[in-house]
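Let's walk through this model together, starting with its empty space and then turning to its ligands and a charged pair. Please keep the structure open beside you as you read.

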Amino acid sequence: MATQTLRFLKSRALPFCKGCGHHHVAYNLERALQRLGLDPLDVIVVTDIGCHGILDKDLNTHTVHGLHGRSVALGAGIAMALDNPRKKVIVMIGDGGATLGSNHLIEAANRNVPLTVIIHNNMLYGMTGGQPSGLTPEGFHTRTTPEGKQEPGYRIAELLREAGAPRVWRVVGLGDYSGILEAAVAYDGFAAVEVLELCTAYAVKFNPGLKLKQLPEDLGLPTGQLAAQDRPPYRLEPPRETRSLLDTLPLRETQALASLDRPVGLVLSGSAGEGVQKAAELFALAAMRAGLYVSKKGSYPVTVGVGFSTAELILSPKPIRYTGIAAPDVLILTSEDGVRHAGGRAHGMHEKAVIYRDATLPELDSAARQEVRPFRKAAGPRNAMLAALVTLLRERGLFPLDFFREEIQQSRISARIPLDKIGLAD
Ligand SMILES: Cc1ncc(C[n+]2csc(CCOP(=O)(O)OP(=O)(O)O)c2C)c(N)n1
Ligand code: SF4
């Protein structure tokens with residue numbers, strides 16, 4: 001290495017502690033990339049948080065520095081977006097990062113995303129002073145496990161193989177293992193190389209007598225190639241033309257010019273499952289056909305079959321720039337759930353406003369006029385809101401009732417709506 005001209009590293013003097021295995025990873029990678037004849041600008045190195053990650057400022061390649069454990073996700077995104085076997089994405093990650101981002105690793109292996117991951121397993125968190133990671137072996141002494149780690153370390157190389165990684169190696173991070181890095185980078189698919197190291201600052205200090213060469217035997221970790229199972233690399237589908245949702249809506253022809261002189265805000269509230277949103281939708285469509293601008297908002301609990309269901313509609317002769325309703329002009333309440341959710345809106349209503357409430361519901365504290373009708377009894381709970389809206393149009397005339405009738409008759413639920421019971425018999 002000493003005599004070789006560097007192409008990928010800017011310098012042989014790297015920022016790691018004396019004896020740290022991260023040096024060897026960098027030098028071996030330099031050799032591997034040189035042998036592959038790659039241009040440094042065809043290589044994208046994504047580093048993770050940790051000592052190994054500070055290498056990026058010493059590289060002539062493209063570099064991206066990721067959050068702890070997230071470098072695989074970043075690298076996978078880059079590899080999938082580039083979708084070019086000539087461009088090589090290499091993720092450098094520690095055992096800490098591999099623990100935090102284990103699911104990113106497993107998913108990338110499982111999907112066979114074309115990238116190389118070099119796991120610098122120096123047995124603990126080096127940069128922060130020697131805390132254990134998920135890969136730290138059982139019994140290992142670390143800063144926070146002075147008596148020895150109690151849980152077994154998991155075997156990341158075997159995990160990745162089980163997840164379907166086509167190429168996995170485990171090597172002892174001593175001497176020349178550039179041939180393995182070369183094979184990993186050359187492979188058009190997911191390849192992982194777990195490099196066993198001992199952080200000289202902490203792993204060696206807390207576990208005197210441990211020898212890196214002996215480590216695989218001591219820990220029962222097989223080395224060499226652990227997986228050779230070919231399958232095609234993951235490729236993103238070419239981007240599809242996505243149509244705007246608005247394009248899928250049928251156009252409503254305006255058939256009349258309703259004569260509202262100002263916007264009208266309606267709050268309709270009842271019980272989930274009782275057709276409040278559908279009634280509001282049919283009402284909105286009818287109003288649009290009648291030449292009005294309309295906005296509709298619906299709210300209901302995530303458990304859509306219980307509790308309240310409230311719709312807010314604005315009908316306006318002009319475009320609607322703001323869809324909130326500070327004080328409703330019309331409040332319709334068809335059930336106790338509706339009163340609980342929207343009954344409070346009655347307080348702010350002015351005296352020219354109107355409240356329609358079902359006969360089963362209590363009087364509300366409001367300046368607005370209150371109309372009490374047996375909507376539920378007459379039309380049944382599921383059609384009570386439709387009945388209330390028919391009553392509203394008959395009595396307040398926001399737009400011609402016939403538009404609402406036609407909208408109801410043309411809707412998919414028309415068969416189950418008894419026109420006579422909702423007040424549309426004639
Ligand atoms: C986003 C972020 N998360 C966590 C940390 C704290 N932190 C820095 S290094 C590190 C441990 C790194 O250990 P490892 O991934 O094994 O790499 P090593 O230092 O051993 O090479 C942690 C937890 C941080 N600085 N930034
Ligand atoms: S603290 Fe450990 S991992 Fe970090 S550079 Fe030093 S020896 Fe390497």
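On a 1 Å grid over the protein atoms alone, a pocket is an open set of points where a 1.4 Å probe fits, with protein on both sides within 12 Å along at least five of seven lines, and lining residues have an atom within 4 Å of a point. Grid points are joined across faces, edges and corners, and a volume is the space filled by probe spheres set on the points. By that reckoning, the largest pocket holds about 520 Å³ of space. Its lining has 14 residues, and Leu-249, Pro-250, Arg-252, Leu-285 and Met-288 lie nearest the centre. Two elements, α9 (276-289) and α13 (401-410), give two or more residues each to this lining, and α9 provides the largest share, with 5 residues. Helices here are DSSP runs of H or I with at least four residues, and strands are runs of E with at least two, numbered from the N terminus.

A word on the ground rules: this is a predicted model, in which local features need pLDDT of at least 70, side-chain atom pairs count only at pLDDT 80 or more, and totals for chains, interfaces and linings use all residues. Residues are numbered from 1 along each chain as its sequence is written, chains are lettered from A and ligands numbered from 1 in the order in which they are written, and side-chain values use heavy atoms, with hydrogens and water left out.

Now find ligand 1. It is surrounded by 17 residues (a heavy atom within 4 Å), and the closest are His-22, Cys-51, Gly-96, Gly-126 and Met-127. Which helix gives the most to this shell? That is α3 (residues 95-100), with 3 residues. Polar contacts (pairs of N or O atoms within 3.5 Å) reach oxygen atoms of ligand 1 from the His-22 side chain at 2.9 Å, from the Gly-96 backbone at 2.8 Å and from the Met-127 backbone at 2.9 Å.

His-22 also belongs to the surroundings of ligand 2, as do Cys-51 and Gly-126. Others around ligand 2 include Phe-16, Asn-122 and Tyr-202.

Finally, the structure holds 23 salt bridges (a side-chain nitrogen of Lys or Arg within 4 Å of a carboxyl oxygen of Asp or Glu). One of them joins the side chains of Asp-42 and Arg-86, at 3.9 Å from N to O. Asp-42 lies in the loop between α1 (22-35) and β1 (43-47) and Arg-86 in the loop between α2 (71-82) and β3 (88-94), so this pair ties together parts 44 residues apart in sequence.

Notes. A polar contact is a pair of N or O atoms within 3.5 Å; within protein, one must be able to donate a hydrogen and the other to accept it, and residues adjacent in sequence count only if both atoms are side-chain atoms.
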